[in-house]
Structure formats: C-alpha cells, structure tokens
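Ready to work through a structure by hand? Grab something to write with and have a go at each exercise before you read its solution.

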Amino acid sequence: MRKLILGVSFMVTTIGCLGVRVAEGQAAIKYQKPPQGIETLLEAPATPVASVSPDKKMLAMEQPETLSTIAEVSQPRLRLAGLRFNPLTNGQTAVPYSTGLTLQAVGGGAPRPVTGMPATPKILYVRWSPDGKSIAFVQRVDGKPTPGLELYVVNAATAAARRVGTMRLNGLLGAPCEWMGDSKALLCLVVPAVRGAEPKHEMTPEGPDVSENLGKVSPGRTYEDLLQTPEDERFFEYYATAQLAVVPLTGPIRTLPVKGLIEEARSSPDGRYALVVERHRPFSYALPVDFFPMKATVVDLKTGTVTKQLADEPLADSIPIAFDAVAPGPRNFGWRSDVPATVTWVTAADGGDPRKKMDVHDRLFALAAPFSGEPETLLEMPMRAGRVEWGNEHLALVSERERKTRTRLMVALDPATKTAKTIFKGSSEDRYHDPGMPVLVANASGHPVLRLTGDGSGIYFVGQGASPAGDQPFVGVLPVGGGAEKKIWQSKAPFFEEPVNVLADDKVLIRRESETVPPNYFTVTPGSDAMVQVTKYPSPYGNTALPTRTLLHYKRADGLDLSANLWVPAGYDKSKGPLPTLMEAYPAEFKTRGAAGQVTGSPYRFPRIGWGSPVYFTATGYAVLENASIPIIGEGKEEPNDTYVDQLVAGAKAAVDYGASLGVVDPKRVAVMGHSYGAFMTANLLAHTDIFRAGIARSGAYNRSLTPYGFQNEERTYWQDPKLYYELSPFSYADKIKTPLLMIHGEADDNQGTFPVQSERFFVALKGQGATVRLVFLPLEAHHYVARESLDHMLWEMNRWLDTYVKPEQPVVAAGTK
C-alpha cells in the first residue's frame, strides 16, 4: 500500500561552491522566500474565467485559486492505478479549483456576487443547466465536520446558492455530475451509502508481490503511481466504486442499482437513458486505470436496468508502441447530440496498429434506441478518428489525424445518407493555416451541437490566427460544402483579442488585453467597430512596474527562421549596457522546415507570469529570452532525433548571438533553463556546448535507457536504436558537464518518464565526476508545482543560483577545480 506521507522540510544536496561556502553532502533546510520583487509577481491573482449561459445573456465568472499551500498539498493522498486522490474527499487531488463565483450580464453592468456560498469556497466543475436558469458546481470540503464533495446549485435569477442533497459525490474517476436535459435534475456518481469500512492496511506482509508475463508481447511506456500489490487493488476498488443516482433540484435523490468503477455516466438527449462506462478487474500492475478492462452499457434511467451492453473489452496491455496506436475494440463512446437516443462509438479496423497498410483504419458506428438491432456504419476513415461534433440530421464534423505524417482532416458527414466530404486537409504542425476549432452551442437538452450560420451553409470556427507577426485570434466560417474559410472577425494590433463565445445575435464575446492594459471581457460586432466593455478588472499587479517584451525574429545558422520573446526589467535601456540573461526553451519536433520556423505567441499580451515562468528574474536585474525556438527537424525519411544535438546547439547559439547583437544580452553571462523536456534540453546543452555560465533543470529525464519504449515524440525503442538512446542521454556525458547545474524536482513527480530517480541518478553521476551541482527535491510536489511555499523556495533557489554563477562579471570557480 503506497500512501504518500511526507514532511515539509526537504533535502538539498550540493557539491561544489555556492556563494562563499563550500557545501558537500545533504542539508535539511526550511522553505525560503525570493526577493520581494519576485514575490510580488508571484502573488498576482488570475483574471476570472467566463462561462457563458445557454441563452448567451449571462456569464458565470470564476475566480481561479491563486496559490495553494503546502498544508493543502499535505492532505492525505493515495497514489493508485495512475491516480492521486484524497481518501477523505473521494476526489482527485490535482483538479484546480476556484475561490469565488459572480454573475455578470453580457450587456454589462455591475457583477452580482453569489450568496449562500460555502464559508471557504473550493469550486469545481461549474455547469450551466440547459435552460440557463441554474448553475451547478461541486464544493470540495477538506476539513470538519465531514470532508467530501458536495453538490451546490445557484439560482441564476437571484444569484443565491444552496446545497442540494446530503450525499457525498465520488469524483475519483472524473467529473461526478452532469445536468439532465429537463434542467430539473442532475445525473451524479455518489459514494455508496453503505460500502463498509476501509480495507485494513496490513503492517506485516502475507507474502511476496509477484508480477509475471508468460510470453505475451506487452510493451508499455513508463507510468507512475501504479498498483503494486493485492492490498493496493483493494484500496483502489473501495474508493473508486461509485453508484449512479438521479439528483433532483427538490426532493429526495433516487439511487439506481448501477454500481462499480464508473468512469463516466451521461444521459441521453431525451433523458431516458444513461451511457455508462466503467472499469473492472483484472487490474494491471504495469498500466494505469485507462487501460483496465472496460465495459460500456446503456441503462434505463427509469428502472435502473441495463438495456444494452455495448462492449466488454479486456485489459489493453498489447497496444503497439506507435503513435496513433489504440486498443483494438470499441472506444470513444458517446451520445449523438442532435437526436433523442443514439449511441455512437469508434472501432479500429486495423486492430489498433496504425502501421498496417490499410485503406480504412477506423470506423464510426451508431445504434439508436431501443438498441436491439445491428449498429450501422456511418463513416469509414483512412486515418485515426478524433473528435466527432454533431450538428443536425444531415451534418456531423469528424476529425481525423495521422501522427506519423502530421496530417489532419476534417470531414463533413451526412449521417442520413452516410456520405462524407473532406472540407479541410492540412498539416497538424502548420499553425499559419490552422482553421481552428468548431464553435459548439448547447441545444435544448444541454448537449453540444455545431454552431451554424443562419442558412446552415457554414460552421463557425475560432482559431489562434498564428502569423509571422504573432497570434491574431479570429472567428471564421468554414463552408459545409467545402471551400476556403472566411474570417468574419480578427484581433488587431496593438491588442490581443481572443474570442470566448459566439453570442446569440452573432456578436462575439472576447477577452481583450495589450502589453499595458489588463485582460477584460468585451462584446464586438463583426464588420463594425462597435465594442461594449463587459467587465472592468484592474491590473492584478497593482502599481508594480512590469518588465517589457519584444518579439525577436532571427535565423539559425542554416537559415531557418526562429523567434523568442526578449524581456527586460522595467525602465531598462541599452545605454546601461548588456544584462546577465536567462534563456528558457522547450524543444519541439517537426517534419518540415516551413512549420518549424513559424512564430508562436503574441507580443501584445498583458504580462501574465505563470508559476514556471523565467520572467520573474527581470525583477532582480536579468534579461530573459523566453520561449526561444528550438526546433528539431526530420524531413522525409529522417527522424528529428537523428540530429537532435546538432540542432539543439544551433538553436540555442542563434538565440544568444542575436540577443547579444542587440546590445541587450551579455553573451558571457547567460544561463539556460527548462522544465521537463526543457530540463533534458538544458542538461544536453551543458554537455555539448560552452555557451552558458550556468544551467537550471526542473523535473527532467536524463537517462533515456530508463524510458526504453519511447519518449516525447520518439517512437523507436531502446532495442531498435540503442546508440540513439545513449547519445541523447545527458547521463552518458556526465564527465563532460563542468558548468554549474541546479536541478529541482517534485518529490512526487507523476509524469511519464520523469521519475525522481532520474534526478537522483544524474546527480550521483555528476557528483562522481566532480561537477558543481545542486539537487533540490520539493516535498509532495508532482510534475507541476502548486504550493506557495514550494514556488517561493524554487524561485529563491533559482535566483540564488543565477546571482552566484551568472551575475558576476567573472565566473565563479568551484572548490576543487584546477
């Protein structure tokens, strides 16, 4: 049984010189705080998030949580079957929550605070009712008197909230509630009223834990938090078991005789049935819950009986190691949104292996109530199916993809005639020609359907509008019969304007900001300059002077176009001389040079400095090269990683050289940093170049033999190309790394491939070679850090490392270095 119980002090291991003190070995230290300038930026609240009512007249505005605390992160947590959950609340621990809720008329005016809220709001899963009269949300109660997940409903007319029922919800496998089509009740997953006592944790083992494989080919990538013992299985099954219930807004709840490891339960548009997907035994000790045996059924909501069993698929432990590989049986179950009760799903025609040479790789099926006949085939697809969005009796939009060739399709399907027409084909890498995503609108039953033009000839789309000048989001219309997309509204410089929703009168709700103007919500009318401000949120940073940003365009040595954001401290000008600099990047693989050179981001966004951003360090005097392009290209039959190191070095050198040519970056005082795959990049750059004065690597993987069945976008296994795995691993070059390296890792990292042992082993390798290296483990933190104390300390460590090894005019010579 693996229950994570850790303290709040943590181990720091350092070899080499830090400041004036030589530190060797381990030291338990308390959480530290960064300089006040950094702390001020970290504390800034996020802009509230808008959820639009079905009638498009009202907004539910959620205030996201700013920072969690280590006390919250320290709550009981079980790590089982690839999940992390609090056994006291029966909810996942990684779901972000909101701390406030207000209602705002789309036409403007003062916001209305919601009354009757819990004393300490921790709001999850906000959902408008189909009729727009109510808003449901889940309240997470962590403490006394009874921890758990509770259902609340807000009356939109009065802005008053109240708790509905006294049951405890089960959110362990996903969102626990959804509205029924009549808006009078919700379909929920509840903790069974009688489920007995928690399984007992045996202190004395009954015997060894055994896993075996009897000749079956069962490859798998690396996963965290897996089941390991029969005791783990008992605990997981106890907490993941939920019961289906209909919860009316008034009156007693009605529990149904449907109980199990229910992953999702969705009511049909006519409200008569529920589509229930659940997992069951036998479990796996090598794969997370998503691969466990799966059963899909249709349940009659009046009687609670199973009307139709759609599938009962075995453990998916033989999926090939290939992108677009899937389980061979039915998957992606859902309701057809535009008809009363028709269930749909996709099945692989290639047995789940995309490498097979076939004309058809996926099929889309449908089966209408009363579910007694044979399913009909709606569409045969030459690639792997993506999302299916329903419109009406003659229109559905089906997405297809092929990862190996980066091909993307959108097909307009007529479900009545089973005919289809491709209305978009392009590269998934090509951001400049991306048509965006279709706009969906809730129909009378609350199910999402395509938003069509008045005459039904076009589908509304919203997209990021990537361009050489940066992102310019847009609203467009893609003709159902094929043809070019027409943009009916687009963001204009010097603002960044992002569409949130297309309103009932074809106006557009946007979020608008600029380099100096904080984000707020507006309505705009396509084809005119009319604009109405809806919200008036002040700058989250108050009167704090903010750093300034310039979007840089430059070239790699081979002529490839690259870009980066250059941030400088508030008030800086080049007459003050070049600055010590921190470069941050995250490599990305491409199959074409054209796509690799495309610009990402916008120069017109208001500074929003997230938890992992390098921009904090402008507050302590550094220039920052943020999001520097590091494309890794493999055209034709070549794979990107065939020349990974050479392209990595070329991209990094181009960024530093161009920054130096502007007179802003001091090329002799540059550090490089990255998180996750960016940490892998950082260590490789220190192993293969002398460009940088120091490195900072957070939550990375450094020995690719520990991820032998592929990593990131690499499909080849270790046994297919051991030389590649060796050469790409910074661990292989520990004897070459002489540049000071700070490593930080969440002690409870949950990401595939970046287990904490990666940093532990790399540190030992570097220490053994006499490197200057510091390893910090943040207690209880996963791949992304959330506790304020952890983030404070992370920023303190990083700033101290930079001030020690980068800011001085002359390099610091580590103790023991000749």
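Below are a few exercises on this predicted model, each with a worked solution.

**Exercise 1: Ser699**

Find where Ser699 sits, decide whether Ser699 is buried or exposed, and list its contacts.

*Solution.*
- Step 1: start with the place. Ser699 is in the loop between strand 48 (694–698) and helix 7 (722–728).
- Step 2: check the accessibility. Buried means under 20% relative accessible area, and Ser699 has 0%, so Ser699 counts as buried.
- Step 3: look at what the side chain touches. The side chain of Ser699 makes a polar contact of 2.6 Å with the side chain of Tyr785.
- Step 4: widen the view, skipping neighbours within four places in sequence. Ser699 then has contacts with His675, Ser676, Ala679, Ile744, His745, Gly746, Asp749, Thr754, His783 and Tyr785.

**Exercise 2: Helix 6**

Work out how far helix 6 reaches and how many of its residues are buried, then zoom in on Asn684.

*Solution.*
- Step 1: get the span. Helix 6 covers residues 677–688, which makes 12 residues, and runs 17 Å from its first C-alpha to its last. That's close to the 16 Å expected at 1.5 Å a residue.
- Step 2: count the buried residues. They number 11 of the 12, so helix 6 is largely enclosed by the rest of the structure. Among them are Tyr677, Phe680, Met681, Leu685 and Leu686.
- Step 3: pick out Asn684, which belongs to helix 6. Its relative accessibility is 0%, so Asn684 counts as buried.
- Step 4: find its partners beyond four places in sequence. Asn684 is in contact with Tyr644, Leu648, Leu728, Ser729 and Pro730.

**Exercise 3: A sheet of 4 strands**

Sketch the open sheet that contains strands 23 to 26, and mark its edges.

*Solution.*
- Step 1: write down the order, 23-24-25-26, with antiparallel pairing.
- Step 2: mark the edge strands. These are strand 23 (330–335) and strand 26 (376–381), as each pairs on one side only.
- Step 3: add the turn. On average, neighbouring strands of this sheet are turned by 20° against each other, direction ignored.
- Step 4: fill in one pair. Strand 23 and strand 24 (residues 342–348) share 4 bridges in the antiparallel sense, and Arg331 stands opposite Val346 in strand 24.

**Exercise 4: Salt bridges**

Which parts of the chain does the salt bridge between Lys216 and Asp317 tie together? Do the same for Glu429 and Arg406.

*Solution.*
- Step 1: take the total. The whole structure has 48 salt bridges.
- Step 2: look at Lys216 and Asp317, whose side chains meet at 2.8 Å, N to O. Lys216 lies in the loop between strand 17 (185–190) and helix 3 (230–240), and Asp317 in the loop between strand 22 (306–313) and strand 23, so the pair ties together parts 101 residues apart in sequence.
- Step 3: compare their surroundings. Lys216 is partly exposed at 44%, whereas Asp317 is buried at 17%.
- Step 4: turn to Glu429 and Arg406, with the closest N and O atoms 3.1 Å apart. Glu429 is in the loop between strand 30 (419–427) and strand 31 (437–438), and Arg406 in the loop between strand 28 (395–402) and strand 29 (407–414), so this pair ties together parts 23 residues apart in sequence.
- Step 5: check burial again. Glu429 is buried at 9%, and Arg406 counts as buried at 8%.

Note on methods:
Residues are numbered from 1 along each chain as its sequence is written. This is a predicted model: local features need pLDDT of at least 70, side-chain atom pairs count only at pLDDT 80 or more; totals for chains, interfaces and linings use all residues. Side-chain values use heavy atoms; hydrogens and water are left out. Helices (H or I, at least four residues) and strands (E, at least two) are DSSP runs, numbered from the N terminus. Buried means under 20% relative accessible area, exposed over 50%, partly exposed in between (1.4 Å probe, protein chains only). A polar contact is a pair of N or O atoms within 3.5 Å; within protein, one must be able to donate a hydrogen and the other to accept it, and residues adjacent in sequence count only if both atoms are side-chain atoms. Contact means heavy atoms within 4.5 Å. The expected span of a helix is 1.5 Å times one less than its number of residues. Two strands pair if DSSP finds at least two bridges between them. Axes are lines fitted to C-alpha atoms, for helices over the stretch in contact, and angles run from 0 to 180 degrees between N-to-C directions. A salt bridge is a side-chain nitrogen of Lys or Arg within 4 Å of a carboxyl oxygen of Asp or Glu.
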